[in-house]
Amino acid sequence: MAAPYRGVFPVVPTIFKEDGSLDPDGQRRCLDFMIDAGSQGLCIHANYSEQFALGDDERDVLTRLTLEHVAGRVPVIVTTTHFSSRLCAERNLRAQALGAAMVMVMPPYHGATFRVSEAQIYTFFQDITRGLNIPLMIQDAPASGTTLSVPFLARLANEIEAVSYFKVETPGAASKLRDLIATGGAAIEGPWDGEEGITLFADLEAGATGAMTGGGYPDGIRRITDPYFAGRRDDAFAQYARWLPLINYENRQSGFLTAKALMKEGGVIACDKPRAPWPELHPQVRAGLLDTARRLDPLVLRWSR
């Protein structure tokens, strides 16, 4: 396994043209901006990438495009979540072969009611890690509707070699991270924060070593994590308080369209539309987002100028 990854690894949005097709040039500009803005790594095909609106062929195109264009400048995590063990395993090995640094997977789920038992989840993670020489991050998120207990996550980490990173986005994330670190010990290589950083400071206090946020302002998130990891807790708290209105706006108002709206406003991309049937941002929501962002002067609003 690679050396431990830590820091800010934002989710890369998927850039579409006005007609809903992929925009390769816009995607490359998005990647360049996110690296220039201080991303210490990137994650593709996550929920904030609108992965649920992508075809398998498009996933393959974007994975190859991303890894070739990033070209080792930062490590790239590829989300490979699928209900099927077989298909998830195939996605994992394909991502590894293309140069992914890590894969991220949610437990198997489908719709509102299709779930499997804890024993089957254990077998699922056994099956999908065969042949993996890169780490696997378990995404512990409410979207899956699956409860993953601390003892179970610790068991997975201790018994399945590739399982070593955990993105915790559940209510009480800081408490769960703290308990996971205490229970899993050295097997918990990467306890990470998620959910746009809305609980970032508490999660850092609990021992989080990474943050997977939205992709619009990694420079702002770095202003929190860099001083914290350097031992300057008060500076980190001050920056968290300063950036929290924008973090909160993304988390509670503009959601996964935040990064693309900011990138379009700053000239990084030409189109910030989601794929139908997801609605575009309401004009007042967009105006509120941009007003909040301008008060902080993130790089995204001036990168292309």
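**Exercise 1. Find which strands E2 pairs with, and place E2 in its sheet.**

Strand E2 and strand E3, which covers residues 76-79, pair in the parallel sense over 3 bridges. This is a predicted model, and the positions named here should be read in that light. Within this pairing, cysteine 43 has isoleucine 77 of E3 as its bridge partner. The next step is to widen the view to the sheet, an open one of 8 strands with parallel pairing, in the order E1-E10-E9-E8-E7-E4-E3-E2. E2 (42-44) is an edge strand of that sheet, as is strand E1 (7-8), and each of them pairs on one side only.

**Exercise 2. Describe the neighbours of strand E7 and decide whether its residues are buried or exposed.**

Begin with the neighbours of E7, which covers residues 136-140. Strand E4 (residues 102-105) pairs with E7 in the parallel sense over 3 bridges, and methionine 104 stands opposite methionine 137 in E7. Strand E8 (residues 163-168) also runs parallel to E7 and is joined to it by 5 bridges, with tyrosine 165 of E8 as the bridge partner of methionine 137.

Then turn to the covering of the strand, for which a general point is useful: in a regular strand the side chains alternate between the two faces of the sheet. In E7, Leu136, Ile138 and Asp140 lie on one side and Met137 and Gln139 on the other, and all of them are buried. The solution is that 5 of the 5 residues of E7 are buried.

**Exercise 3. Work out how helix H5 is oriented towards H4 and towards H6.**

Two packed helices are described by the angle between their axes and the distance between the axes. For helix H4 (residues 118-128) and helix H5 (residues 150-159), the angle is about 30 degrees and the axes are 11 Å apart. Since angles under 35 degrees count as roughly parallel, H4 and H5 are therefore roughly parallel to each other. H4 passes H5 in a right-handed crossing. The contact is made by Glu118, Ile121, Tyr122 and Phe125 of H4 together with Phe152, Arg155, Leu156 and Glu159 of H5, and these residues divide into 5 nonpolar, no polar and 3 charged.

For H5 and helix H6 (residues 173-184), the angle is about 45 degrees and the axes are 9 Å apart, and the two helices are therefore oblique to each other. The crossing of H5 and H6 is right-handed. Here Val150, Leu153, Ala154 and Asn158 of H5 meet Lys176, Asp179, Leu180, Thr183 and Gly184 of H6, a set that divides into 4 nonpolar, 3 polar and 2 charged residues.

**Exercise 4. Determine the orientation of H9 and H11, and say what covers H10.**

Helix H9 (residues 233-254) packs against helix H11 (residues 283-294) at an angle of about 165 degrees, with their axes 9 Å apart. That angle makes H9 roughly antiparallel to H11. Their crossing is left-handed. Pro245, Leu246, Tyr249, Gln253 and Ser254 of H9 make the contact with Gln284, Val285, Gly288, Leu289, Thr292 and Ala293 of H11, and the residues involved divide into 6 nonpolar, 5 polar and no charged.

Helix H10 (residues 258-265) is mostly covered, with 6 of its 8 residues buried. The buried residues are Thr258, Ala259, Lys260, Ala261, Leu262 and Met263, and what covers them includes helix H1 (24-36), H9 and H11.

**Exercise 5. Locate the backbone features that follow H10, and compare the settings of glutamate 50 and aspartate 297.**

After H10 comes glycine 267, whose phi is positive, near 80 degrees. In the loop between H10 and H11 lies proline 277, which is joined to alanine 276 by a cis peptide bond with omega of about 15 degrees.

Glutamate 50 is not a glycine, yet it has a positive phi of about 60 degrees, and this residue is found in the loop between E2 and helix H2 (56-70). Aspartate 297, also not a glycine, has a positive phi of about 55 degrees, and its place is in the segment after H11. The last step concerns accessibility: glutamate 50 is buried, with a relative accessible area of 1%, whereas aspartate 297 counts as partly exposed at 42% relative accessibility.

Notes. Residues are numbered from 1 along each chain as its sequence is written. This is a predicted model: local features need pLDDT of at least 70, side-chain atom pairs count only at pLDDT 80 or more; totals for chains, interfaces and linings use all residues. Side-chain values use heavy atoms; hydrogens and water are left out. Two strands pair if DSSP finds at least two bridges between them. Helices (H or I, at least four residues) and strands (E, at least two) are DSSP runs, numbered from the N terminus. Axes are lines fitted to C-alpha atoms, for helices over the stretch in contact, and angles run from 0 to 180 degrees between N-to-C directions. Angles under 35 degrees count as roughly parallel, over 145 as roughly antiparallel, 65 to 115 as roughly perpendicular and the rest as oblique. A crossing is left-handed if the near helix is turned anticlockwise from the far one by less than a right angle, and right-handed if clockwise. Contact means heavy atoms within 4.5 Å. Ala, Val, Leu, Ile, Met, Phe, Trp, Tyr, Cys and Pro count as nonpolar, Asp, Glu, Lys and Arg as charged, and the others, Gly among them, as polar. Buried means under 20% relative accessible area, exposed over 50%, partly exposed in between (1.4 Å probe, protein chains only).
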